[in-house]
Amino acid sequence: MIDHYCIAWPRSLARTAHTSVLLLGLSLAATVAGAENPAADRLDRMPPLIDRDIFFGDPQVSGAQLSPDGKWISFRKPYLGVMNVWVKAVEAPFDSARPLTADTRRPLGGHFWTEDSRYVLFVQDEGGTEDYHVFAVDPAADAEESTGVPPARDVTPMEGIRAVIYAVPEATPAQIIVGINDRDPALHDVYRLDIDSGTRELLIRNDANVSQWVTDLAGVVRLAMRQRPDGGTDIIVVEDGALGRVLYECGWEETCAASRFHKDGKRVYVRSNKGVDLIGLLLVDVATGRAELVHSDPETEVDLAGTWFSDETEELVATRYVGDRVRIYPRTERMERELAWLRERLPDGEIGYGSATEDGRLLIVSVASDVNPGTVYLYRRDDRALEKLYDSRPELPGDQLAKMRPIRYKARDGREIPGYLVTPKGVAAEKLPTVIVPHGGPWGRDSWGYDSVAQFLANRGYAVMMPNFRGSAGYGKRFLNAGNGEWGTGIMQHDITDGVRHLIDEGISDPHKVAIMGGSYGGYATLAGVTFTPHLYAAGVSIVGPSNIITLLNSIPPYWGPIKQVFMRRVGDPDDAEDRARLTSQSPFFHAENIEAPLLIIQGANDPRVKEAESEQIVVALRDLKRPVRYLLAPDEGHGFRGRENRLAMFAEIERFLAEHLDGRLQDDMAPEVAERLADLRIDVADVTMPKTTD
């Protein structure tokens, strides 16, 4: 359950891109100077500069979804300058599509169809608050003259709530099972919500600190997951709306989570590493509690990463693991034959299965790699035919992008640390300016594939390392638990530091031109890096990163209440004197006088996870110490920048900041609206005041 709630690097930043190329040559002065300047000579041998908009603008098309009846394909593309949902007939060309939504303030994320193909459902918040509401739109409804799209109804129109969708049952397609925290912001009660009328029926009042409810395939709530006071997890049987006996449990240093009911309705799939190191897949009998192992990593390397189920038969058809690359293990002969057939016809990369029709005849298939963010196909099973639908970023010059390679290095205690390295294309990996990019979570991980942040930085001339330090998820519970209590001055940060030293020792990185940049926990690791190893980094970029772990823990969102013990045990308890002393020693804010490297701090004003105060307090501390610090604040963003102009403005500032301190390449120009937004985001640090939460 940890990874579902963790503070994460805003991956939308790393997975979105636009599709126009601007090739910018080096100046004549730089070219002439290259004869005597190794850095200029290196940059001159690289591929042309790629416009920021290619990496961080909106894609032309993304997120294709098949309607269950096989008549429609919905997808996301810009409408009125913002990413919205569109729809077209399966057989029709994309230029015949029509928009279904018209949100002009905030881009829409994922969406999906009800089981009867009558409605498209999506969730949306206001300005990054994460107070999500559920919306329904009828594709068959007439478009409104004012918007050009059918009306989208908010079917959870209560103020100040966060709605969660638990099930969209096939048996009752007009009714969905949702959680709503209108009674208590920390707890979600369970409702049956009628999409046609908007009426809701209370099914279960959550008075038991339940963090997650699990339905069977018919939409009946059968299980509840609850965190115990000792931090462990109980999976509890629900009968007639009431909590009963504990079906399965695990300790706080273990993982166990009910994921999906078996089609027989008698057993449930559970992800668990109880009694073992790696998370595997179990089938647990609800009546008897008997558990049987379905599958675990045949290479005994990593945790179970995912499962694929058939929409047609509801059976498990494949398991998925992420080592250096993705490994897929078919569970049926048909899936084994199908994957082999697809691999013969698709380019090298990671194959993904998307939505499918209810009869299983049509399927969305994608393939992506380190230099290709994704090509999407319609697969017709009956005809064994693949139809290319679109490239995610058709104007991205894949032949000019840099390869990503898995690496291993030794930490100071001898532990092998996995990670990924991207070096600029066209030049030797020698004495390169380098950017270290720690992931968020911290209980997440990086994996092989296209990463627009890494490719953007490599195109600007930097080597990029993404370390999966201890405390990262996916490598077993021993690796994960090694990070408990080890923020900042402990193993988690040491592993990042040792990765930098590895690159320097190997001659890959210029020891005088290493920067660190990350979002969320990666932002914290950035602040910790420049605080506790001040001579290692030439600059740092912290995006929504906490600077004071005590204020971070004291301000976690109310809806994280049921899993608060995860943070208290894995990070620390501010109310415990010993923990508080350690948290103080690990918080960059309390040691700001150690910081020497220039810092760029970036924050969303509405962030519910890492509050604005986390950035304000470190900005004020550094300003008062007369240390170099810059500050960007977006009034309409939360935990990560989703708006197009905000993203482009942020990366324009990052690019200029890194070029100033690492001598990388720089695209000087930007669109007028982006320049205007950047001017609005820049905050004069003299105007920032110390928040009242620093104690």
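**Exercise 1. A hairpin**

Describe the hairpin of β15 and β16 in this predicted model, and state which residue takes a positive phi.

Solution.
Step 1. Two residues lie between the strands of this hairpin, and aspartate 240 has a positive phi near 55 degrees.
Step 2. The strands are β15, residues 233–239, and β16, residues 242–250. They pair in the antiparallel sense, over six bridges.
Step 3. Opposite alanine 242 in β16 stands glutamate 239.

**Exercise 2. The sheet**

In what order do the strands of the open sheet with β15 and β16 lie, and which are the edge strands?

Solution.
Step 1. Strands of a sheet pair through backbone hydrogen bonds, in a parallel or an antiparallel way.
Step 2. This open sheet has four strands in the order β13-β14-β15-β16, and the pairing is antiparallel.
Step 3. β13 (210–215) and β16 each pair on one side only, which makes them the edge strands.
Step 4. On average, neighbouring strands of the sheet are turned by 25 degrees against each other, with direction ignored.

**Exercise 3. Two helices in contact**

Classify the crossing of α15 and α16, and list the residues that meet.

Solution.
Step 1. Two packed helices are described by the angle and the distance between their axes.
Step 2. The axes of α15 (residues 644–662) and α16 (residues 672–681) come within 8 Å and cross at roughly 75 degrees.
Step 3. Angles of 65 to 115 degrees count as roughly perpendicular, so α15 is roughly perpendicular to α16.
Step 4. From α15, Arg644, Glu645, Asn646, Leu648, Ala649 and Glu653 take part; they meet Glu673, Val674, Arg677, Leu678 and Leu681 of α16.
Step 5. Sorted by type, the residues of this contact are five nonpolar, one polar and five charged.

**Exercise 4. A helix with a buried face**

Which residues of α13 are buried, and what covers them?

Solution.
Step 1. Helix α13 spans residues 577–586, and its buried residues are Asp579, Leu583 and Gln586.
Step 2. Viewed down the axis of α13, these buried residues fall within an arc of 60 degrees, so they line one face of the helix.
Step 3. The face turned away from the buried side carries Ala577 and Glu578, which are exposed.
Step 4. The cover over the buried residues of α13 includes α10 (521–532), α11 (549–553) and α12 (564–570).

Note on methods. Residues numbered from 1 in each chain as written. Predicted model: local features only at pLDDT ≥ 70, side-chain atom pairs only at ≥ 80, totals over all residues. Heavy atoms only, no water. Pairing = 2+ DSSP bridges. Axes fitted to C-alpha atoms, helices over the stretch in contact; angles between N-to-C directions. Parallel < 35°, antiparallel > 145°, perpendicular 65-115°, else oblique. Contact = heavy atoms within 4.5 Å. Nonpolar A, V, L, I, M, F, W, Y, C, P; charged D, E, K, R; others polar. Buried < 20%, exposed > 50% of the residue type's maximum accessible area, 1.4 Å probe, protein only. Arc of directions from axis to C-beta.
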